[in-house]
Amino acid sequence: MTDVTQVNEKISIETQGDIALIIIDNPPVNATGQVVRQGLQDAITKLNDEGTAKVIAIYAEGRTFVAGADITEFGKPPQPPALPDVYNVIEDSEIPVISVMHGTALGGGFELGLATHARIGIKGLRVGLPEILLGLLPGAGGTQRLPRLAGIPFTLDMALSGRQVKAEEALEKGVIDRLVDATPREAALQAAQDVLDGKLATRRTCDVDVEADDKALEDTAAMLKAKQAHLYSPHKIVEAVAASALPRTEGLKIERQAFVDSMQTPQRAGLIHAFFGERAVSGIPEAKGDTREIAKIGVIGGGTMGSGIATSCLLAGIPVRLVEVAQDGLDRGVATITKNLEGAVSRGKMSADQKDTALKMLEPSLGLDVLSDVDLVIEAVFEQMDVKKDIFGKLNTVCKPGAILASNTSYLDVNEIAACTDRPQDVLGLHFFSPAHVMRLLEIVQGAKTAPDVIATGFALAKKLKKVGVLAQVCDGFIGNRILAHYSKTASYLVLDGASPQQVDDALEGFGFAMGPHKVGDLAGLDIGWMTRKRKAATRDPNERYAGDVADKICENGWFGRKAGQGYYIYGQGAPVPNPEVAKIIDDVRAEKGITPRAFSDEEIVERYMTAMIVEATRVVEDGTAKRPVDVDMVFLFGYGFPRFRGGPLHYADTIGAKDLVARITEYAKEDANYWQVPPLLQKMADEGTTFADLNKGA
Ligand code: 3H9
C-alpha cells in the first residue's frame, strides 16, 4: 500500500511497505532553500521517530537533482536549520538513507548525496563542487566527506576547479556506488529494495577513515600561494580539506568557519553578481518573444574574425557558407577554421570525428550570390563604412526576404549600414570578440528600425553558440569599445606623466586583469588603435589632451606588437621584456611636451584607470546605450578580461560608492577638466545615496 505525506510544500514522503521515499520538488533546480532544508530534516526525524520504514531513498523531481544551496539566500540573515546540521541528521539516521542523483548534483546537492549511506547515479549525472566559482567553499560537509570516499587529491581537484565530474568518473573514484539507466523514482525503489535484500551495502561516510596525504596538501597550498594569492576561498578550501583528518564534529566546525568567513568577502559578492548577471542579460523582454529560424548562416570575410565566427557556428552545429572575394583569402579562411577546430579537438572540446563532421558543414564560396538561401548573414570584413555599405547594398538584392543581415562592426553606425537596404528591420549588429570561437561575449546591437523578432533571434543565436548576448544601442563603439576608448586614454596619460608601460600593466594585473592594457595592445595589434586614431583625427575635440603620441611613434616604426616581434614589449623566447626603444620614445615625447615625470604608486594607477572606466560606463547607462549597469558588467567580464571576482566595473563602483567617486573625479579635474567630468547620473547617485545595484533592481 502506498501512503503519501506532504511534509511541507517542497518535500513529501511516500511509503511503500518497508521503503520510504523522500521526494524533493523545488523547481527549477531543487536548490536547498529554507523550506527544503526544514522539510528534509523533518522527514528524516519523522521516519526515525515512527520507526516503521527499514530504508529511506531520497530523490528529486524535475530536470535535476539538487543543484546546491539557494544562492538567492546568500548575503541575507541565515534561516535555520543550517544545511550542515540537516546533513548530520541524515548521516546519523538509524534507518539507512540512500540518495538517487540525476542531472547535475552540485555543491550542497552533491553534499546531500555524500551525507547519505549509499549513492546511486542516473546515466548522464554530473557531480561537482562549484562553490569556488562563487567565492565560497563546500560548506555542508563536502570538504570532510569527499576525502573519506575518494581521497584528498581528488577532493582538492574537484573543490579547487569547480569542474563537473561525469558519472563514469564518479563511479570509478568510489563517489557513487552504482550508475543506472532508469528514472530517479524507479532507481530509488530498486536500490531501496536491494538494501532490504542485502544486495546494496550502506555505511556512514563519517565512519570511513581519510587516507592522509600531507604532500598533496602542502604542494597545493604552495601552488595557490604562488598563483592565486589574491583570492580568498581557494586557500580556505585547502585548510578545510586538511581538517578532514579530524573527527567529524571538529572537521565540520573548521569547514563552517571557513565558509562563513568566505561569505563575508567582496569576492563572494562579485562572483555571485557575475552568476546572476550572466543570466540577467538575457532575462529582458527584448530577448524573449518570437524568433526567426536560423538553419544556415553566411559569413562574409575569411579573416581572423570571420573565421572565428564561422568556427563558432560550426561548433554549435550550424552549417556555414563562408564567402570571400578572392581564392587565396578563402583558402586562408578555411585553413584558419580547420586550425581552430583542431585546437578544439586538442583541448578536448570535441572529438576528431565531430571535427570532420563540422568541416563538412562548411561551404567555402566566392561571391555573394551564394547567400541567396541563408537565414542569417554575418558580415565580418574590413572596418570601413564604404566597404560595408557596398556589401549591404548587394545583400539587399541577393538575400531572400526575411533573412537577417548582421554586421560584426565594432564601432560603425548600424543605422547607416541598414539604410543601404530597403529592409532596415532585418538589420542589426552582432559584435563578436576575438577569438570569436573562444570569447563568450556577443553584443547584440539594435538599430533604430530593427524588428523585435530580429533582436530576439540574436539572443537565441547567442544561446546556441553558448555565448552571453548583451543588448546594446547604436553609438561609436557600442558598450564595450566605447568605454574602452575612454579609459585606455588614462593608461596613456599615466605613461606620459611618469609611469612606465610595464608598471601600468603590472599594477592592473595586480588588480586582477589577466593582462595589462599595453600587453593587450601588443596582442591585438597596435595598428588597430592607430587606424582608429587616424579615422577620428578630423573630429577630435581640440580641447582634449592627445593620448596617442607614444603609440603613434611606436607604430610609425612598424612595431605593431606581438605579430611584429615588438611593440611595448619585445617578443622572443621566454617571457616578453619591456622594449628599451619605447622607453626612449617616451622620454622624447615628454621632453617635447615639457612634461616633468612624476612617480605613481600602483594604487594610484589602478584608481585612475578604474575611475575613468566607471565614468564612461556610467554615461553608457545614463544615455541608454546599455539597458542597466549589469549589462555593462557582463560585457566587461565576458569580453574584456575584467576580473570576475570583482563583478564588473559598476559592481566594483558600488564598493567605492558614488560619493567617493565624485570626490576623486573632482580632484583629478583640477589637472584636466576636459577629460575628468562627473557624469550627472553619478552626481545624482552621490546626492541621493543610491547605488548601481539599485538601478539594476529598477529603483
Ligand atoms: C552551495 O551549494 C554551498 C554549499 O556548499 C553550502 C551551503 C551551506 N540557487 O543556470 P540556469 C536558478 S553554493 C538559486 O539558467 P541551466 C538560475 O538563476 C551553490 N537559484 O539553468 C535560473 O534562474 P532564472 C552551488 C539557482 O539548466 C534557474 O535556476 N551550486 C541556483 O542552464 C535556471 O538556471 C551551484 O553553484 C541555485 N543554486 O543550468 C550551481 N542554480 O530562470 C549553480 C540555478 O530566474 N547552478 N538557479 O534565471 C548552475 O550551475 C546551473 O544553474 C545548473 C543548471 C547547471 C544547475
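# Briefing: a ligand shell, two sheets and three domains

Strand 6 (104–106) and helix 3 (108–115) each supply at least two residues of the shell around the ligand, where helices (H or I, at least four residues) and strands (E, at least two) are DSSP runs, numbered from the N terminus. The model is a predicted one, in which local features need pLDDT of at least 70 and side-chain atom pairs count only at pLDDT 80 or more, while totals for chains, interfaces and linings use all residues. Residues are numbered from 1 along each chain as its sequence is written.

**The shell around the ligand**

- The ligand is surrounded by 26 residues, and the closest are Ala67, Gly68, Gly107, Gly108 and Gly139; a residue is near a molecule or strand if its C-beta atom, placed from the backbone, lies within 6 Å of it.
- By residue type, the shell around the ligand holds 13 nonpolar, 9 polar and 4 charged residues, with Ala, Val, Leu, Ile, Met, Phe, Trp, Tyr, Cys and Pro counted as nonpolar, Asp, Glu, Lys and Arg as charged, and the others, Gly among them, as polar.

**The sheet of 3 strands**

- Strand 6 also belongs to an open sheet in which 3 strands follow the order 6-8-9 with mixed pairing; two strands pair if DSSP finds at least two bridges between them.
- Strand 6 and strand 9 (164–166) are the edge strands of this sheet, each pairing on one side only, and the twist from one strand to the next averages 25°, with axes taken as lines fitted to C-alpha atoms (for helices over the stretch in contact) and angles running from 0 to 180 degrees between N-to-C directions.
- Strand 8 (residues 126–128) pairs with strand 9 in the antiparallel sense over 3 bridges, and Gly128 stands opposite Gln164 in strand 9.
- Helix 3 packs on this sheet, where it touches strand 6 and strand 8, and its direction makes about 85° with that of strand 6; here two residues are in contact if their C-beta atoms, placed from the backbone, lie within 7 Å.

**The sheet of 7 strands**

- Another open sheet, also with mixed pairing, is built from 7 strands in the order 1-2-3-4-5-7-10.
- Its edge strands are strand 1 (2–6) and strand 10 (178–180), each of which pairs on one side only, and the twist averages 20° from one strand to the next.
- Strand 1 and strand 2 (residues 11–16) run antiparallel and are joined by 5 bridges, and within this pairing the bridge partner of Asp3 is Thr15 in strand 2.
- Helix 1 (residues 34–50) packs on the sheet and touches strand 2, strand 3 (19–24) and strand 4 (55–60), with its direction at about 30° to that of strand 2.
- Helix 7 (residues 184–196) lies across strand 3, strand 4, strand 5 (97–101), strand 7 (118–122) and strand 10, and runs at about 165° to strand 4.

**Backbone details in loops**

- The peptide bond from Pro27 to Pro28 is cis, with omega near 5°, and Pro28 is placed in the loop between strand 3 and helix 1.
- Asn30 lies in the loop between strand 3 and helix 1, and its phi is near 55°, a positive value in a residue other than glycine.
- Ser434 and Pro435 are joined by a cis peptide bond with omega about -10°, and Pro435 lies in the loop between strand 16 (427–432) and strand 17 (441–446).

**Domains and database annotations**

- The domain assignment of the protein chain gives domain 1 (2–263), domain 2 (285–475) and domain 3 (481–698), with bounds that come from an automatic or database domain assignment.
- The centres of domain 1 and domain 3, taken over C-alpha atoms, are separated by 45 Å.
- In an unreviewed entry, UniProt lists "domain: 3-hydroxyacyl-CoA dehydrogenase NAD binding" for residues 296–472; UniProt positions are given in the numbering used here, feature names are shortened, and annotations may be inferred rather than shown by experiment.
- Residues 296–472 are 41% helix and 22% strand, and the end C-alpha atoms are 25 Å apart.
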